[in-house]
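User: I'd like to walk through this structure with you, one question at a time. Could you help me read it?

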Amino acid sequence: MKEMIKRLVEAYGPSGHESTIGAIISEMVRPHVDELHTDALGNIIALKRGTGSGHAIMVASHMDEIGLVVTWVDEKGFLRFAATGGVSPVTLVGGRVRFANGTLGVIGWERWMRPDAGTRRPEMDELYIDVGATSRETCPVGVGDACGFVRPYEEFGTRLVAKSMDDRIACAIAIEVLAGIGSSPHDLYFVFTTQEEVGTRGALTAAYGIEPTVGIALDVTMVGDTPKARPMAVSLGEGPAIKVMDSGMLAHPGVVRWMITTAEAAGIPCQREVLLGGSTDARAIQTSRAGVPAGCISIPCRYVHTPSEMVDFGDVEHSVALLKALLTGPIAL
Ligand code: CO
Ligand code: ZN
């Protein structure tokens, strides 16, 4: 599974530019599903048909990653940019990025090493990308081109570190479940969604098209176990977090109960998550059409939306086990 995780997290795929990562995921899931298609927004929708009159369950994990889009190229070939998704300038200075055509860049800060920078934090409009160009004419990328972070996947013991654990770790969990699940009474729609980081847009249209009777998002969540973190009852290594609430949704109470009782019955450790910032594809599923009972299994993650997101492999394995148990058993909400 770690090989697959490495391949997924290192792939390029900022929001709106998911075709490369989509092709990798399609290749991985194709042997395990009955139907596979890509919709108008680029969502990969994989159906594994159920054996009986079960539910239609949509399992969403997003393929896109936070990124930067070029807004201006100056006469010397330096690029100004805007963010797609929640990117803080604090995470950027000295970082490296890669564009779809392979062009690499380093992020510079106008005030770097200047005495008047003092203790100021960088602002987005003081940053630029240096791709090694010497003029606008010879710059290999232009306005509208998008880049993602470059950072190798690393293992620190049981901790896995990479860019884009949000949300490729969930893509890996979904693929691992699909590969090992056997038969289920339910029709399982595994959706690898696009444009989550800019407002859960892919999940919105996918859910409308699929019309699921139950929705589950898989995504990372923040933790409270680092020095001076905002108090939060989620830690790395204590199992998947079952979302009760975040700033965009209240999970369906029946879905929360189903997840917790299934974890307890299977002896899988889990935590309860109340997240005060951010939301997931579960919100889009829940509010699609006339409404869908939905919840979210969250993978605890440190340093979310930085180039070095950290998860625990035990949590990953327990998330696989929990999702498998949920998708193969009866559902009473
Ligand atoms: Co995110
Ligand atoms: Zn995410």
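Analyst: Happy to! One term before we start: contact means heavy atoms within 4.5 Å. Please keep in mind that this is a predicted model.

User: Let's begin with Trp109. Is Trp109 buried or exposed?

Analyst: Trp109 belongs to strand S7, residues 104-109. Its relative accessible area is 9%. Buried means under 20%, so Trp109 is buried.

User: Which residues does Trp109 touch, not counting residues up to four places away in sequence?

Analyst: Leu127 lies 18 residues from Trp109 along the chain, and the C-alpha atoms of the two are separated by 4.5 Å. Leu127 is also one of the residues that Trp109 touches. Leaving out residues up to four places away in sequence, the list is Val93, Ala117, Arg120, Arg121, Pro122, Glu126, Leu127 and Tyr128.

User: On to the helices. Why is H3 oblique to H7?

Analyst: Helix H3 covers residues 165-180 and helix H7 covers residues 313-328, and their axes are 9 Å apart. The two pack at an angle of about 50°. Angles of 35 to 65 degrees are neither roughly parallel nor roughly perpendicular, and that makes H3 to H7 oblique.

User: How do the residues of the contact of H3 with H7 divide into nonpolar, polar and charged?

Analyst: H3 passes H7 in a right-handed crossing. From H3 come Ile169, Ile173, Glu176, Val177 and Gly180, and they meet Val316, Ser319, Val320, Leu323, Lys324 and Leu327 of H7. The residues of this contact divide into 7 nonpolar, 2 polar and 2 charged.

User: H3 packs with H1 as well. By class, how many residues does the contact of H1 with H3 have?

Analyst: H1 and H3 pack at an angle of about 140°, with axes 9 Å apart, and they are therefore oblique to each other. H1 supplies Met4, Ile5, Leu8 and Val9, while H3 supplies Met165, Arg168, Ile169, Cys171, Ala172, Ile175 and Glu176. By class, the contact of H1 with H3 has 9 nonpolar, no polar and 2 charged residues.

User: Now the open sheet with 8 strands. Which are its edge strands?

Analyst: The strand order is S1-S2-S12-S3-S13-S16-S14-S15, with mixed pairing. An edge strand pairs on one side only. The edge strands here are S1 and S15.

User: In S15, which residue does Ala241 stand opposite?

Analyst: Strand S14, residues 241-245, pairs with S15 in the parallel sense over 4 bridges. Opposite Ala241 in S15 stands Gln271.

User: What angle does H7 make with S16?

Analyst: H7 lies across several strands, S3, S12, S13, S14 and S16. With S16, residues 294-300, H7 makes an angle of about 160°.

User: And H2: which elements do the buried residues of H2 pack against?

Analyst: In H2, residues 19-29, the buried residues are Ile21, Gly22, Ile24, Ile25, Ser26, Met28 and Val29. These buried residues pack against two helices and three strands, namely H1, S1, S2, H3 and S12.

User: Let's turn to a hairpin. Which residue is the bridge partner of Val70 in S5?

Analyst: Strands S4 (residues 67-73) and S5 (residues 78-84) run antiparallel and are joined by 6 bridges. They form a hairpin with 4 residues between them, and Gly77 in the turn has a positive phi of about 90°. The bridge partner of Val70 is Phe81.

User: S5 also pairs with S8. Which residue in S8 does Leu79 stand opposite?

Analyst: S5 and S8 (residues 127-130) run antiparallel, joined by 2 bridges. Opposite Leu79 in S8 stands Ile129.

User: Finally, some backbone details. What is the omega of the peptide bond from Asp166 to Asp167?

Analyst: Most peptide bonds are trans. The bond from Asp166 to Asp167 is cis, and Asp167 is found in helix H3. Its omega is near 10°.

User: What is the phi of Thr200, and what is the phi of Tyr303?

Analyst: Most residues other than glycine have a negative phi. Thr200, in the loop between S12 and H4, is buried at 12% relative accessible area, whereas Tyr303, in the loop between S16 and S17, is partly exposed at 41%. Both phi values are positive: about 45° for Thr200 and about 60° for Tyr303.

Conventions:
Residues are numbered from 1 along each chain as its sequence is written. Chains are lettered from A and ligands numbered from 1 in the order in which they are written. This is a predicted model: local features need pLDDT of at least 70, side-chain atom pairs count only at pLDDT 80 or more; totals for chains, interfaces and linings use all residues. Side-chain values use heavy atoms; hydrogens and water are left out. Axes are lines fitted to C-alpha atoms, for helices over the stretch in contact, and angles run from 0 to 180 degrees between N-to-C directions. Angles under 35 degrees count as roughly parallel, over 145 as roughly antiparallel, 65 to 115 as roughly perpendicular and the rest as oblique. A crossing is left-handed if the near helix is turned anticlockwise from the far one by less than a right angle, and right-handed if clockwise. Ala, Val, Leu, Ile, Met, Phe, Trp, Tyr, Cys and Pro count as nonpolar, Asp, Glu, Lys and Arg as charged, and the others, Gly among them, as polar. Buried means under 20% relative accessible area, exposed over 50%, partly exposed in between (1.4 Å probe, protein chains only). Two strands pair if DSSP finds at least two bridges between them.
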